[in-house]
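User: I should like to go through the labels given to this structure and see what each of them rests on. Please set every value against its criterion.

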Amino acid sequence: MRPGIYTVHAPLGIAPSAEKFVFVREGFSFLAFIAPLVWLVVYRVWRPLVVYVVVVACLAAGEYFLGFDSNIGLATSLLIGLYFGFEAAALRQDTLRRRGFLHVASVVGNSRIEAEQRYFTLSPPSQAGMTG
């Protein structure tokens, strides 16, 4: 398994517990590419979900009412999937920021568990200084 870069996000506040930290893997998300709707709901990324639903509804309406070729819809769906696959981490990070989380570090690890272990070994939550 290739190592990945994880961004570490902590809620603003005094000494948050380790369970409150969120680790987001950088890079391409295969689930977001294959099933953007599922990915958006699973990670509760609501604003892009609304945009996605509107765009897909407009494409479906254009295909139905305006007689667009179904290949156009397929190609557009592929492009939308690619967008979400490549931008998944950024969309999650933006959502976390709006929810009051602060990007506190970046960690390299073969898995999320390893990244968590490295982060908390180097900077325990009590010393992370999450006072915003």
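Analyst: A patch is made of residues with over 30% relative accessible area and no salt bridge, with nonpolar side chains joined within 5 Å. The model discussed here is predicted. On its surface F28, F30, I34, L78, L79, L82 and F86 form a nonpolar patch, whose accessible area together is about 740 Å².

User: Which helices supply at least two residues of the nonpolar patch each?

Analyst: They are helix 1 (30–34) and helix 4 (70–98). Helix 4 provides the largest share, with four residues.

User: Why is I34 called exposed?

Analyst: I34, which lies in helix 1, has a relative accessibility of 53%. The label exposed requires over 50%, and therefore I34 counts as exposed.

User: What makes W39 buried, and why does Y43 count as partly exposed?

Analyst: Buried means under 20% relative accessible area; W39 is at 3%, so W39 counts as buried. Y43, at 34%, falls in between the limits of 20% and 50%, and Y43 is therefore partly exposed.

User: How many aromatic pairs are there, and why is the pair of W39 and Y43 called tilted?

Analyst: Rings pair if their centres lie within 6.5 Å, and the count by this rule is twelve aromatic pairs. For W39 and Y43 the ring centres are 5.3 Å apart and the planes stand at 50°. Planes under 30 degrees apart would be stacked and those over 60 edge-to-face, so this pair is tilted.

User: Why is the pair of Y64 and F65 called edge-to-face?

Analyst: The ring centres of Y64 and F65 are 4.8 Å apart, and their planes stand at 85°. Because edge-to-face begins over 60 degrees, the pair receives that name. Y64 is exposed, with a relative accessible area of 65%, and F65 is exposed with a relative accessible area of 65%.

User: Which residues form one aromatic cluster?

Analyst: F21, F23, Y119 and F120 form one such cluster.

User: How do you know how the chain compares with a compact globule?

Analyst: The radius of gyration of the chain is 18 Å, whereas a compact globule of 132 residues would have one near 14 Å. The C-alpha atoms fill a box of roughly 60 × 35 × 15 Å along the principal axes. Of the 132 residues, 33% count as buried.

User: What is the order of the elements from the N terminus on?

Analyst: The order is β-β-α-α-α-α-β-α, made up of five helices and three strands.

How values were computed: Residues are numbered from 1 along each chain as its sequence is written. This is a predicted model: local features need pLDDT of at least 70, side-chain atom pairs count only at pLDDT 80 or more; totals for chains, interfaces and linings use all residues. Side-chain values use heavy atoms; hydrogens and water are left out. Patches are made of residues with over 30% relative accessible area and no salt bridge: like charges are joined within 9 Å, nonpolar side chains (Val, Leu, Ile, Met, Phe, Trp, Tyr) within 5 Å. Accessible areas come from the Shrake-Rupley method with a 1.4 Å probe; for residues, only the protein chains shown count as cover. A salt bridge is a side-chain nitrogen of Lys or Arg within 4 Å of a carboxyl oxygen of Asp or Glu. Buried means under 20% relative accessible area, exposed over 50%, partly exposed in between (1.4 Å probe, protein chains only). The radius of gyration is taken over C-alpha atoms; the globule rule is 2.2 Å times the number of residues to the power 0.38. Rings of Phe, Tyr and Trp (its six-membered ring) pair if their centres lie within 6.5 Å; planes under 30 degrees apart count as stacked, over 60 as edge-to-face and the rest as tilted.
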